[in-house]
Amino acid sequence: MGGVLALLNGVPSDAIGMTDRGLMYGDGLFATMVLSEGRVLNLGLHLDKLAAGALRLSIPWPGHEVFMADIDQLASGSSHAGKTVLKLMLTRGSGGRGYAPPVDACVTRIVLQYPFPLYPEYFQSRGVRLRLCSMRLGRNPLLAGIKHLNRLEQVLARMEWSAPDIQEGLLCDTEGLVIEGTMSNVFIVSPAGVLQTPLLSQCGVSGVQRTCVMQLAAGCAGLAVQESQLSVDDVMAASEVFLTNSVIGLWPVRQFEDRHWSAPGMVTQRLLNLLQTAERDT
């Protein structure tokens with residue numbers, strides 16, 4: 001699988017049952033994280049969020065220690081050096097035809113290890129270009145915040161551009177409120193100096209790196225942090241904009257549509273430094 005290592009329920013495999021509900025219905029969850037020098041960054045937070053999502057969907061949780069054993073097994077047999085990307089998936093397992101889940105679900109665990117993507121250094125040092133997507137995210141508070149396996153909205157949004165100088169797309173919901181990027185969470189620094197990120201009570205993914213940034217901003221940096229209903233105009237009026245996820249870390253935004261910033265701004269650079277320090281000390 002092109003340098004990808006995989007475990008299926010703790011056993012090396014590159015195949016999954018055709019009746020698995022994750023494949024048939026997107027009936028499952030996932031988490032993406034970084035393995036660096038033998039340790040997974042923010043592993044506890046990732047597993048806590050995955051377990052909370054499983055509870056929300058009534059998928060039996062196999063336990064943190066089971067996934068940790070899978071990760072240890074995969075990492076110990078890996079020839080990859082430095083950083084790699086881990087993707088953990090949990091599905092409700094196989095079942096018969098129809099949407100009704102089996103009474104006694106036998107879950108499927110999948111752990112994948114990928115080579116780390118080679119993003120240019122200047123994405124972090126000078127910022128990236130962001131565009132507005134026409135795709136709109138549907139509102140569903142029952143699924144809001146969790147990383148479920150149905151990513152069709154993100155797939156459709158990512159199909160909207162192919163220009164290599166655009167690194168990410170901004171997604172709004174059906175009410176026109178800013179929610180996230182296709183693969184990232186969004187932060188702005190308001191003209192008043194408040195760090196704001198979209199409220200995700202109706203849709204969107206609450207990423208682990210988003211949580212880390214909010215904690216560092218409020219704790220170590222002493223910044224005012226708000227989860228807010230944000231519009232595209234709020235993004236345009238911001239003094240700084242940046243994107244986060246567990247793999248990219250933090251990317252300052254230097255351009256959104258026809259709005260330009262000198263990136264990274266002071267707040268963005270301060271948070272980037274704090275994240276890098278926290279990663280080294282983890």
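## A walk through two helices, three odd backbone spots and the hollows

Start by selecting helix H3, residues 64-76: its 13 residues should span 18 Å at 1.5 Å a residue, and the end C-alpha atoms are indeed 18 Å apart, so expectation and model agree. Bear in mind as you click around that this is a predicted model.

Stay on H3 and show the side chains of Phe 67, Asp 70, Ile 71 and Leu 74, which are buried. They sit on the same side of H3, because the arc they cover around the axis is only 95°. Now spin to the other side of H3, where Glu 65, Asp 72 and Ser 76 are exposed. To see what covers the buried residues of H3, switch on strand S1 (5-8), strand S4 (39-40), helix H2 (43-57), strand S5 (83-91) and strand S6 (108-115), which are included in that cover.

Next, pick Asn 42, in the loop between S4 and H2. What is its phi? It is near 60°, a positive value in a residue other than glycine. Asn 42 has 26% relative accessibility, so it counts as partly exposed. Then jump to Glu 257, in the loop between S14 and S15. Glu 257 is not a glycine either, yet its phi is positive, about 55°. With 37% relative accessibility, Glu 257 counts as partly exposed. For context, most residues other than glycine have a negative phi, and most peptide bonds are trans.

That brings up the next stop: select Ala 263 and Pro 264, where the peptide bond is cis, with omega near 0°. Pro 264 belongs to the loop between strand S15 (259-260) and H8.

Follow the chain into helix H8, residues 266-281, with 16 residues and a reach of 23 Å from first C-alpha to last, close to the 22 Å expected at 1.5 Å a residue. Which residues of H8 are buried? Select Val 267, Thr 268, Leu 271, Leu 272 and Leu 275. Their arc around the axis is only 130°, which puts them on the same side of H8. They pack against helix H4 (122-125), strand S10 (185-189), strand S11 (195-198), helix H6 (208-219), S13 and S14. Turn to the face of H8 away from its buried side and you get the exposed Met 266, Arg 280 and Asp 281.

Time for the hollows. The whole structure has 1 cavity of 30 Å³ or more, and the largest cavity holds about 40 Å³ of space. Its lining includes Ala 263 and Pro 264, along with Trp 261 and Thr 268. Strands S13 (240-245) and S14 (249-256) are the elements that each give two or more residues to that lining.

Now for the largest pocket, with about 1,100 Å³ of space. Centre your view on Phe 30, Thr 32, Lys 147, Met 183 and Asn 245, the closest to its centre of the 47 lining residues. H2 gives the most to this lining, with 6 residues. By class, the lining divides into 22 nonpolar, 17 polar and 8 charged residues.

Finish at the second largest pocket, about 580 Å³ in volume. Of its 29 lining residues, Lys 83, Gln 209, Ile 248, Gly 249 and Glu 279 are the closest to the centre. Which helix gives the most to the lining of the second largest pocket? H8 does, with 5 residues. Colour this lining by class and you should find 17 nonpolar, 9 polar and 3 charged residues.

Terms used: Residues numbered from 1 in each chain as written. Predicted model: local features only at pLDDT ≥ 70, side-chain atom pairs only at ≥ 80, totals over all residues. Heavy atoms only, no water. 1 Å grid on protein atoms, 1.4 Å probe; cavity = no way out; pocket = protein on both sides within 12 Å on 5 of 7 lines; lining within 4 Å. Points joined across faces, edges and corners; volume = space filled by probe spheres on them. Helix = DSSP H or I, 4+ residues; strand = E, 2+ residues; numbered from the N terminus. Expected span 1.5 Å × (residues − 1). Buried < 20%, exposed > 50% of the residue type's maximum accessible area, 1.4 Å probe, protein only. Arc of directions from axis to C-beta. Contact = heavy atoms within 4.5 Å. Nonpolar A, V, L, I, M, F, W, Y, C, P; charged D, E, K, R; others polar.
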